Amino acid sequence: MLAVDGLTVHFETRRGVVRALDRVSLQIAPGEIVGLVGESGSGKSVLSYAISGLLDAAAHIVAGDIRWYGTPIGPVREQRTTRAAVAQIFQNPRASLNPIRTIGQQLADVAGKARVADLLRSVRLDPEKARNYSFELSGGQCQRVGIALALGCEPELLVADESTTGLDVTTEAAVMDLIGDLSARRGMATLLVTHNLALAANHCHRILVMHAGQIVESAPVAMLTTAALHPYTAQLIAATPQHSASADDLQVIPGQLPDLAGVLMPCRFATRCQRHAPDCDEAPPPLVAMTPNHLVACRHPLC
Amino acid sequence: MLKVSALSKVFDGRGWKAQPVIAVDGISFDLAKGESLGIVGESGSGKSTLGRMISRLIQPTKGKILFDGEDIAAIPPAAFVRRPQRGRIQHVFQDTAENLTPHMTAFAAIADPLRRLVGLKDVTGRVCELADSVSLSRDLLERYPHQLSGGQQARVGIARGLASEPDLLILDEPTAALDVSVQAAILKLLHRLRIDLGLSYLLITHDIEVVRLMCERVIIMRNGQLVEAGPVRTVLAAPQSEYGRALMAAVPRLETSHLDGQIDLRRRQSAASRIMPGPSS
């Protein structure tokens, strides 16, 4: 349904060219939930904006394309000739709602008046809230309104960018169940952008791990959590509280993301990698399939 | 050291159909020196209000807060500022980006409680010590909050909390806004500080996994009431209350080892793999 092939995006800034995405390829099928994990600044949001058609004018597509059922679509929604039924849930819910119209009016815009109460109930909000404005709701409630808005347009592809980050676990589980239900029942595909690996492991079929604008590993959930191949994935798993028996066990990922406007090593993880070897600096590591479903971009993978 | 009994907070409602909001409803617990207690619950459960009452940022409606035997809830807020307990209980706020004063450098933010609460004149040496204790590079002390990363801001907030050498730190969602790897670093730091300095923690969070790593005992709150309390291992492994069980079931787990999870996953995967051959290459 959606295929991104070799997408390379640069931003022209005063500091120089920021190489935000590098040869990113992914496919999402109807009904599939794909997780995209990585640290802040790894390019997750840039990729989600490119798919939703919301990339900034400063973005420059150097190579690659995005295809919707085989037809190329641009990174700017207004310039798309093919209508891609993509809805996005935004990171900052309060800023994405209109402050001078009620929640009900905004929901009615996308779904019609009749479905407003149902939509609010589906995200566990009191239908009475339809009369409220966004500033009268808490952050978590605004986030749920954002989710209701996105689901109200019945999209074929839902891009959920850190959509449950501020929610407590019970609401998060309810929202994820709702997304899972929609994908199973209507074949809605989902790209779940998150830095919560445990959340992605619970609700996705497949996880893509992103580091400094590159996809470094792609695997079905069970394979990724039990037999990660890329050193970065292994470190990311070791840093999660779920993985550790005590606070002393927590592993901190050494170093920081490289400056994407500066000089970059062929493998962008090289400066943080404990398995770094001389041949890592020769050429960028391609994303190769170790098993048919498990892809990794590393010359010296684990296992 | 700390003993809270039947603590309640009722906020007056706002607007024309004003109804009072019972934020915290008769909570009791105690906390020994060097102990760490987790308070979990969904947003709106009153856990932050409870923490703010103990650090005397909010005036309780009813109940007692006994700190080393003295009821600090009875001290008026204006008088509390000058009491010795003021420096012994410190609050580390939820969102450091919003809670550090934007026009104060990291140095000024850490020096402020040293001057106000400790009464130090020459603060430079102590600020540098505090920065070292939270692993904040001394080069960063002249920066303003917006020039620091999220993890560095969190470290400034913790250093500021430690400045008056408190006995009790109230940590309100210390890592909620942080990345996994930064979160790991901050949790390790907090754990080490507690052991090195013999601090007590009141850790307010909605992340049960953080409580598991950082606390000995836990309280589960809902709608301002205490629904369950006990040792972390017991409550997490076998919650007694219905809400406690629902909360534990909702926590995302990294290993999908429990049986139904695996079946569910396999079914989903097979459905997905029928539709498409696999990820791109």
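**Notebook: the contact of chains A and B**

I began with the contact, which takes 50 residues from chain A and 36 residues from chain B. I looked up which elements of chain B supply at least two residues each to the side that touches chain A, and I noted H8, helix H9 (208-214), H11 and helix H12 (259-275). Of these, H8(B) gives the most, with 7 residues. I then sorted this side of chain B by class and recorded 19 nonpolar, 10 polar and 7 charged residues. I note here that the model is predicted.

**Entry: H6(A) and H11(B)**

I next examined helix H6 (residues 169-186) of chain A where it packs with H11(B); the angle is about 55 degrees and the axes are 8 Å apart. The two helices are therefore oblique to each other. I recorded the crossing of H6(A) and H11(B) as left-handed. From H6(A), I listed A:Val169, A:Thr170, A:Glu172 and A:Ala173, which meet B:Ala246, B:Leu247 and B:Ala250 of H11(B). The residues of this contact comprise 5 nonpolar, 1 polar and 1 charged.

**Entry: the sheet of chain B**

I traced an open sheet of 6 strands in chain B and wrote down its order as E6-E7-E8-E3-E9-E10, with mixed pairing. Strand E6 (89-92) and strand E10 (225-231) of chain B each have a single partner strand and stand at the edges, so one side of each lacks a neighbour in the sheet. From one strand to the next, I noted an average twist of 15 degrees.

I followed the pairing of strand E9 (residues 217-222) of chain B with E10(B), which is antiparallel over 6 bridges. Within it, I found B:Ile219 opposite B:Ala229 of E10(B). I then returned to helix H11 (residues 242-250) of chain B, which packs on the sheet and touches E9 and E10 of chain B. The direction of H11(B) makes about 105 degrees with that of E9(B). I note that H11(B) thus figures in two entries, packing on this sheet and with H6(A).

**Entry: H9 of chain A**

I asked why helix H9 (residues 231-238) of chain A is largely enclosed by the rest of the structure. I found that 7 of its 8 residues are buried, which accounts for the enclosure. I listed these buried residues as A:Pro231, A:Tyr232, A:Thr233, A:Ala234, A:Gln235, A:Leu236 and A:Ile237. In chain A, they pack against strand E3 (33-37), helix H7 (197-203), strand E9 (206-211), strand E10 (214-220) and helix H8 (221-226). From chain B, I added helix H8 (180-197) to their packing partners.

Terms used: Residues are numbered from 1 along each chain as its sequence is written. Chains are lettered from A and ligands numbered from 1 in the order in which they are written. This is a predicted model: local features need pLDDT of at least 70, side-chain atom pairs count only at pLDDT 80 or more; totals for chains, interfaces and linings use all residues. A residue is buried if 20 or more other C-beta atoms lie within 10 Å of its own, exposed if 12 or fewer, and partly exposed in between; C-beta atoms are placed from the backbone. Helices (H or I, at least four residues) and strands (E, at least two) are DSSP runs, numbered from the N terminus. Two residues are in contact if their C-beta atoms, placed from the backbone, lie within 7 Å. Two strands pair if DSSP finds at least two bridges between them. Axes are lines fitted to C-alpha atoms, for helices over the stretch in contact, and angles run from 0 to 180 degrees between N-to-C directions. Angles under 35 degrees count as roughly parallel, over 145 as roughly antiparallel, 65 to 115 as roughly perpendicular and the rest as oblique. A crossing is left-handed if the near helix is turned anticlockwise from the far one by less than a right angle, and right-handed if clockwise. Ala, Val, Leu, Ile, Met, Phe, Trp, Tyr, Cys and Pro count as nonpolar, Asp, Glu, Lys and Arg as charged, and the others, Gly among them, as polar.
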